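Colleague: Please take a close look at one part of this model, the place where the ligands sit, and explain the terms as you go.

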Amino acid sequence: MNKKILLSGIQPSGKPHIGNYFGMMKQMIEMQDSHESYFFIPDYHALNSVQDKEVLKDNILNLVIDYLAIGFDPQKSVIFKQSDVSEHTELAWIFDTITPMAYLERAHAYKDAEANKKEINVGTFNYPMLMAADILLYDVDVVPVGQDQKQHVEYARDTAQKFNNIFKTEILKLPQSKIMQEVAVVPGTDGQKMSKSYGNTIPLFATHDEIKKAVMSIVTDSRGIEEKRNPEEDNVFKLHRLFSTQDELNDLRQKYENGGFSHKESKEILIKNIETFIAPLREKREKLAHDVDYVLDVLKEGGKRAKQKAEKKMDQVREVIGVKLY
Ligand code: ADP
Ligand code: TRP
């Protein structure tokens, strides 16, 4: 039986954090065996916010290294960058022509941007159309993402359906998002969703000092040590969930509920557990960072493989819309 096709991407707009890891990257890594997997770097999406040559280049390279360090296997899966496959922007244009403005105005990301910024560029506005193209070029079945990207995947699905209806075809496959409910939203040090844009992250490859600093800054309530606390309401405990075994978690829960367990003690355990988790990843990353030629080769090869697939789909698209004359 043919394997189901999986695709996801993360913008090269800064260092990945543990929210990205548990919300999305981990699932991708685990699904490599059971799925034909595509991981790509949406660098043209990132151009909406990163408009500095050296920064963008660095971010792209670092992200490939990060992915290889957490176990992405180029023998099994394809890793590539969006800008190596020009079919993405080409198909996005075609989607622009069948999409009403009002539909894009309803997208959460656009509404948020509108609420926060005075001026929004067109690239941010039709971001969901480029994302739809990213997905629909590869006959994707599953898109593993965090909760905040669910609507974008629905936009891709709607757009596929609309395209198929208008052009009386079935060439675009309807994708589905896959969201891990357990960790759908990993909280940051301030209790809000962990996000690069909120400055509340614990970087995925953090040094010991960075881990310590971030964990010590986690916002907690002001109850005295002796008081009993509800672990479910505690930001430190929410992170313990990601780094503890079930037994450890039960034990921590007891300590919270019994009282006499300080925030500091809880944080110290968390620092130790995060360090145990991150240390081997950090080591692997350091080795890869010394072998940039290998990393670039992996990316280049991935681009070629992705392009082969995207070209075929684009050829069908040109045919059904009526621009293919020879
Ligand atoms: P950020 O908010 O830090 O800029 P991105 O928007 O680049 O993160 O998200 C990359 C991927 O990681 C997406 O699939 C997103 O849904 C997921 N993700 C980001 N932050 C979290 C979080 N705090 N919890 C769970 N998943 C997350
Ligand atoms: N919008 C996604 C994010 O910010 C990144 C992205 C772009 C993506 N194209 C995609 C994710 C296609 C999955 C599939 O996280």
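Modeller: On a 1 Å grid over the protein atoms alone, a pocket is an open set of points with protein on both sides within 12 Å along at least five of seven lines, while a cavity is a set of points where a 1.4 Å probe fits but cannot get out; lining residues have an atom within 4 Å of a point. A molecule sits in a pocket or cavity if more than half of its atoms lie within 2 Å of its grid points. By this rule ligand 1 sits in the largest pocket, and ligand 2 sits in the largest pocket too.

The model is predicted: local features need pLDDT of at least 70, side-chain atom pairs count only at pLDDT 80 or more, and totals for chains, interfaces and linings use all residues. Residues are numbered from 1 along each chain as its sequence is written, chains are lettered from A and ligands numbered from 1 in the order in which they are written, and side-chain values use heavy atoms, with hydrogens and water left out.

Start with ligand 1. It is surrounded by 18 residues, and the closest are His-17, Asp-148, Val-186, Ser-195 and Lys-196. Here a residue is near a molecule or strand if one of its heavy atoms lies within 4 Å of it. Next come the polar contacts, that is, pairs of N or O atoms within 3.5 Å; within protein, one must be able to donate a hydrogen and the other to accept it, and residues adjacent in sequence count only if both atoms are side-chain atoms. The side chain of His-17 has an N or O atom 2.7 Å from an oxygen atom of ligand 1. Two other contacts use the backbone: a nitrogen atom of ligand 1 is 2.8 Å from a backbone N or O atom of Val-186, and a nitrogen atom of the ligand is 2.9 Å from a polar backbone atom of Met-194. On its own, ligand 1 has 540 Å² of accessible area, of which the protein covers 91%. Such areas come from the Shrake-Rupley method with a 1.4 Å probe; for residues, only the protein chains shown count as cover.

Ligand 2 is surrounded by 13 residues, the closest being Gln-11, Tyr-127, Met-131, Asp-134 and Gln-149. A nitrogen atom of ligand 2 lies 2.6 Å from a polar side-chain atom of Tyr-127. For Asp-134, a polar side-chain atom is likewise 2.6 Å from a nitrogen atom of ligand 2. The side chain of Gln-149 places an N or O atom 2.9 Å from a nitrogen atom of the ligand. Of the 370 Å² of accessible area that ligand 2 has on its own, the protein covers 89%.
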